[in-house]
Amino acid sequence: MASTISFSPGNVLVRPKVAHRTTSFPPSTNLRSFVAVRASSEQDGSIKTSRTLEECEAAAVAGNIPAPPPLVKPAGPKGTPKIKPLDLARRPRRNRRSPALRSAFQETTLSPANFVLPLFIHEGELDTPIGAMPGCFRLGWQHGLIAEVSKARDVGVNSFVLFPKIPDALKTPTGDEAYNDNGLVPRSIRLLKDKFPDIIIYTDVALDPYSSDGHDGIVREDGVIMNDETVYQLCKQAVSQARAGADVVSPSDMMDGRVGAIREALDAEGFHDVSIMSYTAKYASAFYGPFREALDSNPRFGDKKTYQMNPANYREALIETEADESEGADILLVKPALPYSDVIRLLRDNSSLPIAAYQVSGEYSMIKAAGVLKMIDEERVMMESLMCIRRAGADIILSYFARQAAGVLCGTKSN
Ligand code: PBG
């Protein structure tokens, strides 16, 4: 007897277009469940039949069955050579021949949960555009910042990293503003945590936004960046950020021994639950150019090559990995991301810790610029670059595209 069967092949599972909301959003968003509907209305519960199964079987045995749709063999264009098919044991294209097969065998996935959105903040009340990073702004910490975080959360991005633009008058050679408990970063963290208690706040630990020399550490009169004295300052900075409510402190300075020292300083103040994401393999890269414009943090002299890694080096990343692991890092980061995919893979294969990758300002701006010039399809290149960083082995990606890409994943474009 024909009747309505809820899970026949004619039925498909449909869920709302904003797919991620059902799986990875905070509980505050409304949860919609799966709904079973029929793909076609033809068989709607009412196939009128008077024949029994036995009668149908007897008809089939007698060859008395309706003709199935005709077999069609699609032809090649006129002039296609007639050849004997290649005798191939393997034809990898078989697993790629339809969207359903392709998505069934997709090895890597992207989700808004993988993204960390870097945000530039300043003391101003208005947001000011960053020339070298179209679509990015220095956000007013009281208004623009809150609005941006709120929009990012709407598309499932719940992790943020803050970068402050510090007034020149507060910059000193020893970067002491970095550990002012009422400074721009601690103030912004407290405000964010008050408005959005469940977000994850990452902070940058380094002196460059606070240093009158624009370096990540204290500069000796002969130009040498002083390691241990800088680490002392970084510990105070990390503790101050933790006190304000930071969830993950992220030393990006590349001083030796800073992860262990920061761990000890955090623990001594009772911040056992504050994580450390170490910039393990941070290269002395020209891809940081737009960021330095954003923060006006260009080194006043020289470069960062005595502390950041040589882009030519690969094995050396393992030395940094071993140090950071043994000093107690919780997450290891590679920076930049796409041009250093081999290093991401190296860390992935040599550590059990989560791996982060930073798609830096230059990587972002190149895609934006080429998109504006219509040389590439910005959205597709954005999604592909993020997917490739995941495929290389990154668990999380710090990216200025985080909100835009999450919007694409959720099926909602955001502005
Ligand atoms: C500095 C810092 C830099 C970035 C993040 N933290 C710049 C630098 O090392 O000079 C770069 C990020 C980007 O380019 O997007 N501590």
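Modeller: Let's start with a word we will need: a residue is buried when its relative accessible area is under 20%, exposed when over 50%, and partly exposed in between, using a 1.4 Å probe and protein chains only. This is a predicted model, where local features need pLDDT of at least 70, side-chain atom pairs count only at pLDDT 80 or more, and totals for chains, interfaces and linings use all residues. Residues are numbered from 1 along each chain as its sequence is written, and side-chain values use heavy atoms, with hydrogens and water left out.

Biologist: Is P186 buried or exposed?

Modeller: P186 is buried, with a relative accessible area of 5%. P186 belongs to helix α5 (residues 184-195); helices are DSSP runs of H or I with at least four residues, numbered from the N terminus.

Biologist: How far apart are P186 and A244 in sequence and in space?

Modeller: They are 58 residues apart in sequence, and 5.1 Å apart in space from C-alpha to C-alpha.

Biologist: Now the ligand, please. Which residues come nearest?

Modeller: A residue is near a molecule if one of its heavy atoms lies within 4 Å of it. Here 18 residues surround the ligand, and K282, R292, K335, S361 and Y400 come nearest.

Biologist: Which ligand atom does a polar side-chain atom of S252 approach?

Modeller: A polar contact is a pair of N or O atoms within 3.5 Å. For S252, the partner is a nitrogen atom of the ligand, 2.7 Å away. K282 has a polar side-chain atom 2.7 Å from an oxygen atom of the ligand. In R292, a side-chain N or O atom is 2.6 Å from a ligand oxygen atom.

Definitions and conventions. A polar contact is a pair of N or O atoms within 3.5 Å; within protein, one must be able to donate a hydrogen and the other to accept it, and residues adjacent in sequence count only if both atoms are side-chain atoms. Helices (H or I, at least four residues) and strands (E, at least two) are DSSP runs, numbered from the N terminus.
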